[in-house]
Amino acid sequence: MITRRRTVAGAGALLAALTAGLAFPAGAAADEPTGRDAPKVNLLLDVSGSMRAKDIDGQSRMAAAKQAFNEVLDATPEEVELGIRTLGADYAGDDRKEGCKDTAQLYPVGPLDRTEAKTAVATLTPTGWTPIGPALLEAADDLDGGNGSKRIVLISDGEDTCAPLDPCEVAREIAAKGIGLTIDTLGLVPNAKLSRQLSCIAEATGGTYTSVEHQDELTDRVNELVDRAAEPVVTPVATEGGDRCTQAPTLKSGLYTDRQDFDRQRWYRVDVLPGQELRASVSVAADRAVRPDHGVLLRAVTVHGREIVRGEATGTGRTDVLSTGLRYPKPERDDDEGEPAAETVCLAVTTSFTPGSGVKTTPGLPLELTLDVVDGPGEASDVASFGLGRGWWLLGALLVTGFVAGLLWGWLSRWRFAVWRTH
């Protein structure tokens, strides 16, 4: 971004992978089909009356947005399905109730006809209110269906005028649906309150916020976001953890998304065969104001409640994402009789986030869980995986070496002392 950029979900997944020492599985997620639908982008443009202001390179905000859209439409990749939705474009009256309904699909999401889309954009005139919350709900519905990447790019020059439908809460609700939709926001004026609102909307879905003050910056940023939609992505699979291990869903290798309530644990189950290793990581994002001190704990537990291994991390409020991970290698069986039985490992996620004063606690904080069940290392040299359990010879060698070195040093010291006394 030009002044501020923060990414939650994407950064959280990457950080989680690094923490656990693993890479994402080859498949995007468990049981996911290999075919992917076309990526979809919905450009959501503020056409409220304030867009008449002439403070972007000597032209109006609306004129700068139109020019940027024309250039973006020319550069949109063929594989991207693109749509355009407006807010505040049609109703010019003073009835707030009517003004807050003023959002319309200017160009439907689908294969792009550049001439038709440009013609539609050319008809826009700054008109009315700024119903960001209602427009976000409609924009999300425009992208409903399919398993490809989905992205909303919101461009606005002012705060929402339709409270109490808080756009930030709307974004959290959209993220809680687990449909893999990202909202990126761009602010056309350097306004602190607008910046906070647009940042909150973006962070709730793992998107980015950018403040732009020039037409070429707007063009470049929107182009970048549209191009990003066409890049291959790992789409998390929505799941819902249980309140206890017996109620938890059984998951396979993949990337999953869930919501972590402030006062509840989340449980998941994974089957691990002898000779395999479970690698798990979890990232929890603070998408709203929380107290500075917080932590996240990931535990691997047997079905009988015995803890196997744990990973934990603490934070002080300086970062939005907290991640930790663990590895559990299950030794191979000594006998070869019959099919090996899988062990059910229960994963428990516990957090100590505390919401700030007056902050809504629902939906819960966004959580991403990465699981990978791989073949365990076949050699004892993998100390990082199996500890010193197969490497006692190394510890013994170090002890013997230290003992011999001590004897030699003692002998040399006595010999030097004896020579000194002789002379």
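A salt bridge, as the term is used on this tour, is a side-chain nitrogen of Lys or Arg within 4 Å of a carboxyl oxygen of Asp or Glu. The model on your screen is a predicted one, and it holds 23 such salt bridges.

Before selecting anything, look at the whole chain, whose secondary structure comes to 10 helices and 15 strands. Of its 423 residues, 49% are buried, and the chain exposes about 20400 Å², of which carbon and sulfur atoms supply 53%. Among contacts between residues at least 6 apart in sequence, 76% join residues at least 24 apart.

Now select Lys-118 and Asp-74, whose side chains meet in a salt bridge with an N to O distance of 2.5 Å. This pair links distant parts of the chain, since Lys-118 belongs to helix H4 (residues 114-122) and Asp-74 to helix H2, 44 residues apart. Lys-118 is partly exposed, with a relative accessible area of 26%, and Asp-74 is also partly exposed, at 47%.

Stay with helix H2, which covers residues 61-75, and select Glu-71 within it. Together with Asp-57, Asp-216 and Asp-220, Glu-71 forms a negative surface patch; the relative accessible area of Glu-71 is 35%, which makes this residue partly exposed.

Next, select Arg-85 and Asp-142, where a salt bridge joins the two side chains at 2.7 Å, N to O. Because Arg-85 lies in strand S2 (residues 81-87) and Asp-142 in helix H5 (residues 132-142), the pair ties together parts that are 57 residues apart in sequence. Is Arg-85 buried or partly exposed? With 5% relative accessibility, Arg-85 counts as buried, whereas Asp-142 is partly exposed at 24%.

Move on to Lys-193 and Glu-159, which meet through their side chains in a salt bridge of 4.0 Å, N to O. Here Lys-193 sits in helix H7 (residues 192-204) and Glu-159 in the loop between strand S4 (150-156) and helix H6 (167-176), so the pair ties together parts 34 residues apart in sequence. Both ends are partly exposed, Lys-193 with a relative accessible area of 47% and Glu-159 with one of 30%.

For a larger group, select Glu-169, Arg-172, Arg-259, Asp-287 and Arg-288, which are linked in a network of salt bridges.

Finish at Pro-329, a residue of strand S13 (residues 321-329). Pro-329 counts as buried because its relative accessibility is 16%, under the 20% cut-off. Add Asp-375 to the selection: its C-alpha atom is separated from that of Pro-329 by 8.9 Å, although the two residues are 46 residues apart along the chain.

Definitions and conventions
Residues are numbered from 1 along each chain as its sequence is written. This is a predicted model: local features need pLDDT of at least 70, side-chain atom pairs count only at pLDDT 80 or more; totals for chains, interfaces and linings use all residues. Side-chain values use heavy atoms; hydrogens and water are left out. Patches are made of residues with over 30% relative accessible area and no salt bridge: like charges are joined within 9 Å, nonpolar side chains (Val, Leu, Ile, Met, Phe, Trp, Tyr) within 5 Å. Accessible areas come from the Shrake-Rupley method with a 1.4 Å probe; for residues, only the protein chains shown count as cover. Lys and Arg count as positive and Asp and Glu as negative; His and the chain ends are not counted. The place of a charge is taken as NZ of Lys, CZ of Arg, CG of Asp or CD of Glu. Helices (H or I, at least four residues) and strands (E, at least two) are DSSP runs, numbered from the N terminus. Buried means under 20% relative accessible area, exposed over 50%, partly exposed in between (1.4 Å probe, protein chains only). Contact means heavy atoms within 4.5 Å.
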